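Student: I would like to go through this model and ask how each label is justified.
Tutor: Go ahead; each answer will set a value against a cut-off.

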Amino acid sequence: MKKNFRKVGAVLTASAVALTSIFTLGPAKTAEGADDFVVEKDPYVISEEDAQPYDTADLTLTPGLTYVKDGKEIEVTGAIDTQSFCADPTCMEVDGKIYVYGTTDQRSYVKETNADGTPKVTTNNKEDGPIIANKYQTKKLSIFSSSDLVNWTDEGFIDMEKVCSDSGKPASSAWAWNSWAPTALKYDCDGDGKDEYYIFFTNGGDVGYVKGETPTGPWKDELGKLLIDKKQIPTGDSITWNFDPAVLVDNKGDVYIYWGGGTGDTAELKKHPKTSRSCKLKISADKVELDENTITVLDSYYHFEDNEINQFGDKYVYTYCANWNVPNNNQYIKDGSVSIVGYVSDDPLNVTCDPENWQEGDPKFIGKILKNPGSELFNEYYNNHHHMFQFKDKYYMLYHTTALDQFLYKDFYAENNVKSYSYRNLHIDEIQVDVESDEPTIDVKPSYAGPEQVGTFNPYQTINATTQSHLGGISTAQLEDGRVVVDKIDTGDWTRIDGVDFGSNGAAKLEASVASATTQGSIEVYLDEALTGTKIATLQLKDTGADNYETLSADLDNITGVHDVYFVFRGTDYRVASWTFTEKGAAPDVSPAPGTPAPGTPAPGVTPAPGTPAPTATPAPTVTPSEDKVSVAKPAIKNVKNVKGKKAKVTLKKKIKGANGYEIRYSLKKTMKSAKKVTIKKANTLTATISKLKKAKTYYVQARAYKTVNGKKYYSSWSGKKKVKIKK
């Protein structure tokens, strides 16, 4: 489903949405009980004199993120996070959902100044003084998730002040005094068929990692120290910046890490800085180690920062941000400085070469992949950080810009001739990848709209209220118990979920989990357009107490088909945790909101203190599993070999715990179009033979596991592809 450019609802008046100057910002309006928040994210602030009465008959909407180009106001729906600032994105896919991780751009404030008025001490506390340009002071990494790449859920933070080692010491005090530029890895470290989750990142000078039980935690500082300390590794002295890691588990099951950056002082060292590295990783049940014997010096052409690695097919694609010193007439990086560039290689360690002296067998230099998106879209050249990934047979790129910063504070910047203070937010676009040809290419055209929606959105589940494709005015906050809720609500604020498929039976009821310190307000729900679309429900606030979440509900008039859904807020001093639509004739969903921990589970980013007894969870009611609740781990293919008789033997890497069997699909097309299937009906059987193949043809092969519950099969996502050429 394509996201259309459009304004929301009525005409937006300037006075109704005036933003308080960020340089004189006082404490934002907060409901009682806000001390329970781990962090508040509040880029939108409406001054008290411009606030609308909750019951106004002439409601105007807080504007969502837009950009004015050539006098035209364009809605920026390709931005993932417009309720907060985030940068340096990475991601991983888990059970059909993409989890994005990024540097949390917490704003910096001046606490003390020097005699000449320049900042001496800066903090992240807005009560300490005026805001200044980004100082990159953060000990938190942000998490977002999506199943369709259009509607994104704010999953909260990994908070290094709460992630501890076995000794109970927080990572922030041991080594993680900053958390920048994460990279994500899922890997079954103990061979039990269940993945563990690793987030590697830089502390500003070196590289470490934390380990999680799920993609959203809880997290543990497993090593209790740095993984890559520049002073303790071979060739470390010649690395300018020992940071910006990227990790990859390839289709052979081997794990690699890439890191480093920076330039030298001479023209030759700017062209060939040789400050980045590759290396194999050794991962066991209780630690990650460098295989130091494999550390390889990379001669990445005009390297600056932002190491990234992908495997597309059997090719290793190493990409990075070029530095500021690329000559305008350079024939290999034609768009000049601060572009994303890269190589295609057959060797996961030797991924670079000098393109000016290329020889047969060397990696192939792609050249420019992404021109600096500031110059393309938002008129501010800035550092360029990205991540590419494949999702459901298409390819995508995550990157950051300063679009939200420029939008929120544009009036002040215009008055003071400043483009922005460089607080960043995340974007996504589809890309075209061809790395198998003699002249490999990766084409990216950054856009305001972002990609098309992958499928439709299922409303018949408990939906975290932070889920949105676009929004105006709200913020989000993470509670001590791990929940992430909609916060900082003012009259006229709104969120939108795109492509919601209510089906042919239709929705009969809507429920919302709300904590409110007031009765003066409501939540209005519209289809397709805010205010001017079809209003399907009004949820009237009740005084539940600021920390007590209760259910507000409304009956619906059998809403069917696919629609965009708007939630429009009136009033303030309340927070919203979740939405639940009930299908006509169906029982309500009893599962917790996404990101809500089980009873007794610590909040994301929290490791229980040593010696803390395991809490006893409240027994859940017996519920027949639904497709949303039955999960099956994804298998991996060990190898696919051509055997005599125009056949292929497929071998899986290991048994999947809880699975009843496996499906193998194969196709002549990389997209897996017109794929045929072979079923393995026993979980202990890890091989299958595919017959009646065509000689001299190359086949692509994938596997998935299945589990049978009450006579119905539930499937994992498909494994990565392997290919085999039929020669005999």
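Tutor: A starting definition: two strands pair if DSSP finds at least two bridges between them. Note also that this is a predicted model.

Student: What makes β19 and β20 a pair?
Tutor: Pairing needs at least two bridges, and seven bridges join β19 to β20, so the two strands count as paired. They run antiparallel. Within the pair, Ile309 stands opposite Tyr318 in β20.

Student: What lies between β19 and β20 in the hairpin?
Tutor: Two residues separate the strands of the hairpin. Gly313, in the turn, has a positive phi of about 65 degrees.

Student: Why is β19 described as largely enclosed by the rest of the structure?
Tutor: Because 10 of the 10 residues of β19 are buried. Buried here means under 20% relative accessible area.

Student: Which elements supply at least two residues each to the largest nonpolar core?
Tutor: That core has 37 residues, and Val317, Met397 and Ile442 have the most contacts inside it. The elements that each supply at least two of its residues include β19 (303–312), β20 (315–322), β24 (394–401) and α4 (403–408). The largest share, four residues, comes from α4. Apart from this core lies another, of 33 residues, among them Phe457, Ile474, Ile497 and Ile559.

Student: What does Met397 touch, beyond four places away in sequence?
Tutor: Its contacts include Ile369, Leu370, His386, Met388, Ile428 and Val444. Contact means heavy atoms within 4.5 Å.

Student: Why is Asn134 called buried?
Tutor: Its relative accessibility is 7% and the cut-off is under 20%, so Asn134 counts as buried. Asn134 lies in the loop between β8 (131–132) and β9 (140–146).

Student: Which backbone atoms lie 2.8 Å and 3.0 Å from a polar atom of the Asn134 side chain?
Tutor: The backbone nitrogen of Tyr136 lies at 2.8 Å, and the backbone oxygen of Ser422 at 3.0 Å. The limit for a polar contact is 3.5 Å. Leaving aside neighbours within four places in sequence, Asn134 is in contact with residues including Asp105, Ser108, Tyr421 and Arg424.

Student: How many disulfides does a search of the whole structure find?
Tutor: Zero. A disulfide would need a pair of cysteine sulfur atoms within 2.5 Å.

Student: Are Cys189 and Cys279 buried or exposed?
Tutor: Cys189 has a relative accessible area of 11% and Cys279 one of 0%. Buried means under 20%, so both cysteines are buried.

Terms used: Residues numbered from 1 in each chain as written. Predicted model: local features only at pLDDT ≥ 70, side-chain atom pairs only at ≥ 80, totals over all residues. Heavy atoms only, no water. Core = buried A, V, L, I, M, F, W, Y, C linked by side-chain atoms within 4.5 Å. Buried < 20%, exposed > 50% of the residue type's maximum accessible area, 1.4 Å probe, protein only. Polar contact = N/O pair within 3.5 Å; in protein donor to acceptor, adjacent residues only side chain to side chain.
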